[in-house]
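Me: I have a model open and want the reasoning behind its labels. Can we take them one at a time?

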2 protein chains.
Amino acid sequence: MSHEQHTATVRVGSNIAFIKYWGVADARINLPLNNSISMTLAEAHTTTTVTWDASGQQQTDEITLDGRRLDANAAQRLVAHLDRLRALAGVDYRATVVSKNNFPMASGIASSASGFAALTVAGCRALGLDLDATRLSAMARRGSGSASRSLFGGFVEWEKGIDDATSVARQLYTEEHWALYDVVAVVSRAAKHVSSASGHTLAATSPLNGCRIASLDAALREVRQAITLRDISQLGPVIEQDALAMHGVMMTSHPSLLYWQPETLAIMQAARAWREQDGLAAYFTIDAGPNVHLICEQESVDALVERLDTLPGVQRIIVSPPGPGPQGIEN
Amino acid sequence: MSHEQHTATVRVGSNIAFIKYWGVADARINLPLNNSISMTLAEAHTTTTVTWDASGQQQTDEITLDGRRLDANAAQRLVAHLDRLRALAGVDYRATVVSKNNFPMASGIASSASGFAALTVAGCRALGLDLDATRLSAMARRGSGSASRSLFGGFVEWEKGIDDATSVARQLYTEEHWALYDVVAVVSRAAKHVSSASGHTLAATSPLNGCRIASLDAALREVRQAITLRDISQLGPVIEQDALAMHGVMMTSHPSLLYWQPETLAIMQAARAWREQDGLAAYFTIDAGPNVHLICEQESVDALVERLDTLPGVQRIIVSPPGPGPQGIEN
């Protein structure tokens, strides 16, 4: 293995799910209870450099996230993922990982999605492993379920599958298909109390979970068709309903997960009022956190940002069209 | 019929449901999808005087609610209920109704519960009809489902039943059984967009509704047992879960009903923080509106009110222990 192959840098976009991933059939491999559909984001991304030490001198993995060196406890989940890459390549090299998000972590924008996808792609490339996007998707899923979707650009469906090999994402349409925007109203940079990784095991404790899962085949069909037709008025109500259903499941699980803050409600109510009273076609979705993602077409972005700016409690607004899949960056 | 029998005044407490009534099997007679359990409130009540004109001179029902004379449109639901009383008595007298709530209407405290119960009891008494509480409960239910529960004091279960005669409330324990308090944080006096009467027909449009209903037998058992044992730590988590489940159903129905306001979330989050960090045993429940009912024992009331007073957006606090059933008032 030549020196050049021991390091690689990759940039991967986060993604926003229109039909959410919530709940696992097998927590060990992040096998989900349902298919999910997302849009990969151009403007919310993680850039990760992985360098493997083939010399055997390095004793531990060294991981730096947004400029902060992680201690053993904080690094645990990432080291476990590096172990998977080592097992695949049949090596025991330690790694130096430097990773940077251009958006706030752990508060509703899926940093684990872009983070584990970037770690997977950069780690495999630096090891000289030649995996196709489908196999990389399966590998990224093991780190974080939603990372499986960030292996593809544009509009993506993660097939729940039945095992490790079949639970993978595929691209529905490239990022050129539809200039849809995710306008993220960031209301809190505080890390959430319960990470979504542990929340997934709680879904089954909610009395509402079975009904949500049973309803998703119809919702997935609606979302696929709406994306095909580029029809925001078909897409919007379905994505709002599934976000509300997922939070209904979260709120009624044991323990109860209440991710929303007062500002979350203010934005949800405002979005509906703007839509009903002013015809501004923006629809909300919310991940496992308090931030609100407003989905709209390009023509609505400026008006939406202007209005969001007037709401108290909106700390930052991130605007993103669909983006590409993983991009290699020259070191 | 003597002159004295033509008028009657009755005071009836509203009630707060621990397991909610949401969704109808038969909208025509308010036959519910599930049993519900409530506490009748001493301090939130409606006082209603009904006077029937046996002379035949009065041409229309005249209804005054909180000092405001209702026009034909606003009076429609109440006139329909007066029609039921007339049919039962076999008369065609018109009525003069004067009704007063001591709490704000249509924003999370069930004014329709105490209002229709008081109208039923006062109306029947003034007609000289001698109905027992069970039959009055069935009659009140026709006006507003939750009114069936206000026919009894203390702790009450409304059996869903299978028809008009069997869908009635019964008392579980009198108001002397347990000094439980409802501390209502009123955040808005604005009337809600969708009345709960029309919302009940929407429950079946939510993908989550079937699961909530299927889970309630276990929840009802828990609540009955917790009341029997006077155990707030058993009661609390179940009532929070059912309130969240009901709002999950509401939010995911077509159209989506989002009754919460930012202040609603602030109080929910605060109550959980007070409980977890300071051991203040208060649990929330929320009806079809933005106000939050905090359920606690007598010893916690002062501390709770003091804390609620510090939250922005709390406009008024109503504190109520369990109260008696309908009280006749001498004219």
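The exchange below sets values against definitions.

Reply: This is a predicted model, where local features need pLDDT of at least 70, side-chain atom pairs count only at pLDDT 80 or more, and totals for chains, interfaces and linings use all residues. Residues are numbered from 1 along each chain as its sequence is written, chains are lettered from A and ligands numbered from 1 in the order in which they are written, and side-chain values use heavy atoms, with hydrogens and water left out.

Me: Why is Thr264(A) called buried?

Reply: Buried means under 20% relative accessible area, exposed over 50%, and partly exposed in between (1.4 Å probe, protein chains only). Thr264(A) has a relative accessible area of 0%, so the label buried applies. Thr264(A) sits in helix α7 (residues 262-278) of chain A. Leaving out residues up to four places away in sequence, Thr264(A) touches Val187(A), Ile286(A), Pro290(A) and Val292(A). Contact means heavy atoms within 4.5 Å.

Me: What makes β11 and β13 of chain A edge strands?

Reply: Each pairs on one side only. Two strands pair if DSSP finds at least two bridges between them. The open sheet runs β11-β12-β10-β13 in chain A, with antiparallel pairing. Strands here are DSSP runs of E, at least two residues; helices are runs of H or I, at least four; both are numbered from the N terminus.

Me: How do you know that β11(A) and β12 of chain A pair?

Reply: They share three bridges, in the antiparallel sense. The definition asks for at least two, so they pair. Thr285(A) has His293(A) in β12(A) as its bridge partner.

Me: What makes one face of α8(A) the buried one?

Reply: Val301(A), Leu304(A) and Leu308(A) are buried in α8(A). Seen down the axis, the buried residues fall within an arc of 65°, so they line one face. The arc is that of the directions from the helix axis to the C-beta atoms. These buried residues pack against β10, α7, β12 and β13 of chain A. The face turned away carries the exposed Asp302(A), Glu306(A), Asp309(A) and Thr310(A).

Me: What does the figure of about 2,200 Å² between chain B and chain A stand for?

Reply: Buried area is the accessible area (1.4 Å probe) that two parts lose on being put together, summed over both. Chain B and chain A bury about 2,200 Å² between them, 71% of it on carbon and sulfur atoms. Leu208(B), Gln241(B) and Leu258(B) supply 25% of the area that chain B buries against chain A, more than any other three residues.
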